[in-house]
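Please find below a colleague's note on the strands of this structure. It is meant to be read beside the sequence and the coordinates.

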Amino acid sequence: EAAGNESAVGSATATTTANPTINKPAGQVSVAIGASTCTVTNSLVTATSIVLCELQFVDATFTEILSVVPGSGSFVITGNANATALTKIGFVVINPV
């Protein structure tokens with residue numbers, strides 16, 4: 001479940017909470033205004049997970065995702081600049097067999 005302000009979107013979750021917890025294999029997060037990173041806590045993520053992310057709203061400055069780094073229980077999305085508006089990003093977590 002996502003913590004904070006959320007709404008269900010299909011099998012995913014959308015949240016405007018900075019650095020949210022979303023324990024699902026797919027979802028949506030928003031990078032906060034003034035931030036260039038977002039840490040998503042997700043119990044399904046390991047250091048060897050593949051996390052695919054896609055911008056779903058292009059901000060005037062945060063126009064691309066530079067990296068997505070998985071760790072034990074979370075991943076960090078880093079963009080090219082601080083966002084000037086809430087910048088929505090969709091994600092999918094894949095765990096290799």
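The points that follow take up the model, one sheet, a strand pair and a buried glycine.

1. This is a predicted model, in which local features need pLDDT of at least 70, side-chain atom pairs count only at pLDDT 80 or more, and totals for chains, interfaces and linings use all residues. Residues are numbered from 1 along each chain as its sequence is written, and side-chain values use heavy atoms, with hydrogens and water left out.

2. An open sheet of 3 strands follows the order β4-β7-β6 with antiparallel pairing, where strands are DSSP runs (E, at least two residues) numbered from the N terminus and two strands pair if DSSP finds at least two bridges between them. Because β4 (37–41) and β6 (65–71) stand at the edges with a single partner strand each, one side of each is left without a neighbour in the sheet.

3. Within this sheet, β6 pairs with strand β7 (residues 74–79) in the antiparallel sense over 6 bridges, and Ile-65 stands opposite Gly-79 in β7.

4. Strand β5 (residues 50–55) has a covered face made of Val-51, Cys-53 and Leu-55, and an uncovered one made of Ile-50, Leu-52 and Glu-54. β5 is joined by 6 bridges to strand β8 (residues 87–94), the two running antiparallel, and Val-51 stands opposite Val-93 in β8.

5. Gly-27 lies in strand β3 (residues 26–31) and is buried, with a relative accessible area of 4%, buried meaning under 20% relative accessible area (1.4 Å probe, protein chains only). The C-alpha atoms of Gly-27 and Cys-53 are separated by 9.7 Å, the two residues being 26 residues apart along the chain.

Note on methods
Helix = DSSP H or I, 4+ residues; strand = E, 2+ residues; numbered from the N terminus. Buried < 20%, exposed > 50% of the residue type's maximum accessible area, 1.4 Å probe, protein only.
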